Amino acid sequence: MKTFLFLVFVMAVAGQAVEAHNVHLSQAQKEKAQQYTVECQKETGVKPELLLEAKQGKLSDDDALKKFTLCFFKKSGIVDGEGKLNVETALSKLPEGVDKADAKKLLEECRKKTGKDAADTAFAILKCYSQGTKTHVLF
């Protein structure tokens, strides 16, 4: 479930892709995503308005948002301390309604993204996936 939450965050901030479709979180998944959001917001000091913008697909090049992304992804268990993405773990947590073949192809591409540090790398992965996905998770 932790890995699924990574995808929740990523797909929640995805822009309005053509041919996009939506999948929904369970109540337990919504609660866990909310818990991680609150914890990471406290840890990083990211401004709430930046999170709202990110949820709408507007990803600001902000250090606190990058740190928030790394925090959320690490708590979800699908990236390590260096921001390295575990594709197989992420795939195993995808909800019904997501094309796993398409997701795997995109995740394999996104895992190649790197940055100057772990937060920058996690943010690059987020941007890559959010720009390429056709599935949006609603919570």
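## A short tour: D80, then a pocket

Start by selecting D80 and K84: the side chain of D80 reaches the backbone nitrogen of K84 at 2.9 Å. Keep in mind as you look around that this is a predicted model.

**Stop one: around D80.** Zoom out a little and you will find D80 in the loop that runs between α4 (63-76) and α5 (87-92). Now add L70 and K74 to your selection. D80 touches both of these residues, leaving aside residues up to four places away in sequence. Is D80 buried or exposed? Its relative accessible area is 31%, so D80 counts as partly exposed, because that class covers the range between under 20% for buried and over 50% for exposed.

**Stop two: across to A122.** Next, pick the C-alpha atoms of D80 and A122. Along the sequence these residues are 42 places apart, while in space their C-alpha atoms are 9.6 Å apart.

**Stop three: the second largest pocket.** Select D102, A103, G132, T133 and K134, which lie nearest the centre of the second largest pocket among its 12 lining residues. Two elements each give two or more residues to this lining: α6 (100-110) and α7 (118-132). Colour them separately if you like. Which element provides the largest share of the lining? That is α6, with 4 residues.

How much space lies in this pocket? The second largest pocket holds about 220 Å³. To finish, colour its lining by residue class: you will see 4 nonpolar, 4 polar and 4 charged residues.

Key. Residues numbered from 1 in each chain as written. Predicted model: local features only at pLDDT ≥ 70, side-chain atom pairs only at ≥ 80, totals over all residues. Heavy atoms only, no water. 1 Å grid on protein atoms, 1.4 Å probe; cavity = no way out; pocket = protein on both sides within 12 Å on 5 of 7 lines; lining within 4 Å. Points joined across faces, edges and corners; volume = space filled by probe spheres on them. Nonpolar A, V, L, I, M, F, W, Y, C, P; charged D, E, K, R; others polar. Buried < 20%, exposed > 50% of the residue type's maximum accessible area, 1.4 Å probe, protein only. Contact = heavy atoms within 4.5 Å. Polar contact = N/O pair within 3.5 Å; in protein donor to acceptor, adjacent residues only side chain to side chain.
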